[in-house]
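Below is a short report on the pockets, one sheet and the cysteines of a single structure. Keep the model open while reading.

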Amino acid sequence: MLRPTLNELRTGRRKAISSEELITAGGLVPGATLPLLVRPVTPGLSLAVWAAHNRGWIEQRLDKHGAVLFRDFLIEDVGEFEWLVNSISTEMLEYQERSSPRSPVSGRIYTSTEYAASQSIFLHNENSYQLNWPMRIFFYCVQPAARGGETPLADTRRVFERLRPETRGRFARKQIKYVRNFGADFGLRWPFVFQTTDKEVVEQYCRRNEIKYEWRDGDRLRTESVRPGIVRHPRTGEWSWFNHAAFFHASTLEPMIRHALLSELGVDNLPNNTYYGDGSEIEPEVLDEIRAAYGHERVCFPWQQGDVLMVDNLAVAHSRTPYTGARKVVVAMADPFNWKDAQAALKTDSASGSLSHD
């Protein structure tokens, strides 16, 4: 196949292609609003070319559904996936301030989280604990697992609506504190997380990104950062539950892992934990409420080889189920946004009472 250049994709030098003539779009999971399934009418349609000429159509559907699954299009390899992401995004992002093991594949394409196949990964919005984060996440299924390995989704706009007004208001007022410990024996080490062995570079990064840091004995590092827990979408104006409050909290760990870490390290030295922004404990019943809301909105579907999933990171959380057999799903993060810009919306208190305070 003769591939277009990135410049051709972005400037539209090739003849425009009508979306209605070449694709079909509809629901994938009965009773669920996401993801929207988009398929070509005839085989051999290049997803990169079609998407480049129908960017507005894709953005409208993404705003409504939160996730779009492209299936049965022609996409030959990871290189073409990278061109696709570039063609419909403003900027691809590096994976910084890491919270999970990933490996680079090509340019700014990474492997999906490299946890053991037997482990599940809880629902989360990518990098919501950081000052800067991607607006969009792209997944490309190079090889589905023999069994399992799905990427469940949850509409965090609907999660937000499921939570009690007092819960939403409490997090809006108090925000969330993320505490991370980078040690030699458990969790990730700081040189991997910050991609440098220079402590001064780490300190500069922390200062730029409003992270408190403390160097400890044994080449260990402890960081604390306070971030909002909700966000108003800049395109749709909808409120979304956008944080790692449950994901990083010790109570979300599998019981055996939680017991082992608490016994060995104690609560103050866990690799990750969360609190209200003032340092107070998040109530167990509130964490149960949050996890239940995610569970109610969880949507799961099997991967097929060649699938491309585009996710609005502000509107939809993603996760991973355990699996058997070889699995290869690669990931790209794109279109940067940050909490400083997002907080302008948080200051405009909702007249409808959706952010009522306790």
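The largest pocket holds about 930 Å³ of space. This is a predicted model. A total of 34 residues line the largest pocket. Nearest its centre lie Tyr 115, Gln 119, Phe 247, Leu 253 and Ile 257. Several elements each give two or more residues to this lining. Among them are three strands: S6 (121-124), S10 (176-182) and S18 (316-320). Helix H10 (255-265) and helix H11 (284-297) also belong to that group. By class, the lining of the largest pocket splits into 17 nonpolar, 11 polar and 6 charged residues.

The second largest pocket has a volume of about 240 Å³. Its lining consists of 15 residues. Leu 93, Glu 94, Gln 96, Gln 130 and Asn 132 are the closest to its centre. Strand S7 (132-143) and strand S20 (328-338) are the elements that give two or more residues here. S7 contributes the most, with 3 residues. The lining of this second largest pocket has 7 nonpolar, 5 polar and 3 charged residues.

The table sets out the two pockets.

| Pocket | Volume | Lining residues | Lining classes |
|---|---|---|---|
| Largest pocket | about 930 Å³ | 34 residues | 17 nonpolar, 11 polar, 6 charged |
| Second largest pocket | about 240 Å³ | 15 residues | 7 nonpolar, 5 polar, 3 charged |

Next, the sheet. Strand S10, which gives residues to the lining of the largest pocket, also takes part in an open sheet of 4 strands. The order is S11-S12-S10-S15, with antiparallel pairing. Which strands stand at the edges? They are S11 (212-216) and S15 (272-276). Each has a single partner strand, so one side of each is left without a neighbour in the sheet. On average, neighbouring strands of this sheet are turned by 15° against each other, direction ignored.

One pairing can be followed to the residue. S10 and S15 pair in the antiparallel sense over 5 bridges. Ile 176 stands opposite Tyr 276 in S15.

Last, the cysteines. How many disulfides does a search of the whole structure find? The count is 0. Is Cys 206 buried or exposed? Cys 206 has a relative accessible area of 0%, and buried means under 20%, so Cys 206 is buried. Cys 300 has 32% relative accessibility. That value falls between the 20% limit for buried and the 50% limit for exposed, so Cys 300 counts as partly exposed.

Key: Residues are numbered from 1 along each chain as its sequence is written. This is a predicted model: local features need pLDDT of at least 70, side-chain atom pairs count only at pLDDT 80 or more; totals for chains, interfaces and linings use all residues. Side-chain values use heavy atoms; hydrogens and water are left out. On a 1 Å grid over the protein atoms alone, a cavity is a set of points where a 1.4 Å probe fits but cannot get out, and a pocket is an open set with protein on both sides within 12 Å along at least five of seven lines; lining residues have an atom within 4 Å of a point. Grid points are joined across faces, edges and corners, and a volume is the space filled by probe spheres set on the points. Ala, Val, Leu, Ile, Met, Phe, Trp, Tyr, Cys and Pro count as nonpolar, Asp, Glu, Lys and Arg as charged, and the others, Gly among them, as polar. Two strands pair if DSSP finds at least two bridges between them. Axes are lines fitted to C-alpha atoms, for helices over the stretch in contact, and angles run from 0 to 180 degrees between N-to-C directions. A disulfide is a pair of cysteine sulfur atoms within 2.5 Å. Buried means under 20% relative accessible area, exposed over 50%, partly exposed in between (1.4 Å probe, protein chains only).
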